[in-house]
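The report below describes one protein chain, beginning with a single residue and its surroundings and then widening to the fold as a whole.

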Amino acid sequence: MADEQTIILGGAECDYDPLTRLARIYCANCSEGNAVEVWLGDDGVPEYAGFVCEKCGFFNAPEG
Ligand SMILES: [Zn+2]
């Protein structure tokens, strides 16, 4: 776990594993933590395509 980083998504800190490119993002509807693939852009800004919560099925749109 030494390689884990923290990134900021939507103003909130998220755990991020650069090896798997998976971040733990919390559902806006039920607060369940979901593993979501996140890319770091050329300027270092994290980007993701949105995700469907594995617990409640709510679609979390990307912010920004
Ligand atoms: Zn949810």
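In this predicted model, Pro46 touches Ile7, Leu9, Val38 and Leu40 once its neighbours within four places in sequence are left aside. Pro46 belongs to strand β6, which covers residues 46–47. Because 19 C-beta neighbours lie inside 10 Å of Pro46, and 20 or more would be needed for a buried residue, Pro46 counts as partly exposed. Between the C-alpha atoms of Pro46 and Pro62, which are 16 residues apart along the chain, the separation is 10 Å.

**The nonpolar core**

Two of the residues in contact with Pro46, namely Leu9 and Val38, also belong to the largest nonpolar core, whose six residues are Leu9, Tyr16, Ala23, Ile25, Val36 and Val38. In soluble globular proteins, nonpolar side chains tend to be buried together. Within this core, Tyr16 has contacts with Ala23 and Val38, and, again leaving aside neighbours within four places in sequence, Tyr16 is also in contact with Glu4, Gln5, Thr6 and Ile7.

Which side chains of strand β3 point to the buried face, and which to the other? Ala23 and Ile25 share one face and are buried, whereas Leu22, Arg24 and Tyr26 point to the opposite face and are not buried, so that the side chains alternate along residues 22–26.

**Strand pairing around β3**

Strand β3 has antiparallel pairings with β2 and with β4. With strand β2, which spans residues 12–17, the antiparallel pairing is made over two bridges, and here Tyr16 stands opposite Ala23 of β3. With strand β4, which spans residues 33–37, β3 pairs in the antiparallel sense over five bridges, and in this case the bridge partner of Tyr26 is Gly33 of β4.

Each of these two hairpins contains a loop residue with a positive phi. The hairpin of β2 and β3 leaves four residues between the strands, and there the residue concerned is Arg21; the hairpin of β3 and β4 leaves six residues between the strands, and there it is Ser31. Neither residue is a glycine, as is stated for Arg21 and likewise for Ser31. The table sets out both residues.

| Residue | Place | Phi | C-beta atoms within 10 Å |
|---|---|---|---|
| Arg21 | loop between β2 and β3 | near 60° | 13 other C-beta atoms |
| Ser31 | loop between β3 and β4 | near 70° | 10 C-beta neighbours |

With its 13 other C-beta atoms within 10 Å, Arg21 is classed as partly exposed, while Ser31, with 10 C-beta neighbours inside 10 Å, is classed as exposed.

**The chain as a whole**

The protein chain contains zero helices and eight strands, and from the N terminus its elements follow the order β-β-β-β-β-β-β-β. A compact globule of 64 residues would have a radius of gyration near 11 Å, and the value for the protein chain, 11 Å, agrees with this. Along its principal axes, the C-alpha trace extends over about 30 × 25 × 15 Å.

What share of the 64 residues counts as buried? The figure is 11% of the protein chain. As for contacts across the sequence, 25% of those with a separation of 6 or more are accounted for by residues 24 or more positions apart.

Conventions
Residues are numbered from 1 along each chain as its sequence is written. This is a predicted model: local features need pLDDT of at least 70, side-chain atom pairs count only at pLDDT 80 or more; totals for chains, interfaces and linings use all residues. The radius of gyration is taken over C-alpha atoms; the globule rule is 2.2 Å times the number of residues to the power 0.38. A residue is buried if 20 or more other C-beta atoms lie within 10 Å of its own, exposed if 12 or fewer, and partly exposed in between; C-beta atoms are placed from the backbone. Two residues are in contact if their C-beta atoms, placed from the backbone, lie within 7 Å. A nonpolar core is a set of buried Ala, Val, Leu, Ile, Met, Phe, Trp, Tyr and Cys residues joined through C-beta atoms within 7 Å. Two strands pair if DSSP finds at least two bridges between them.
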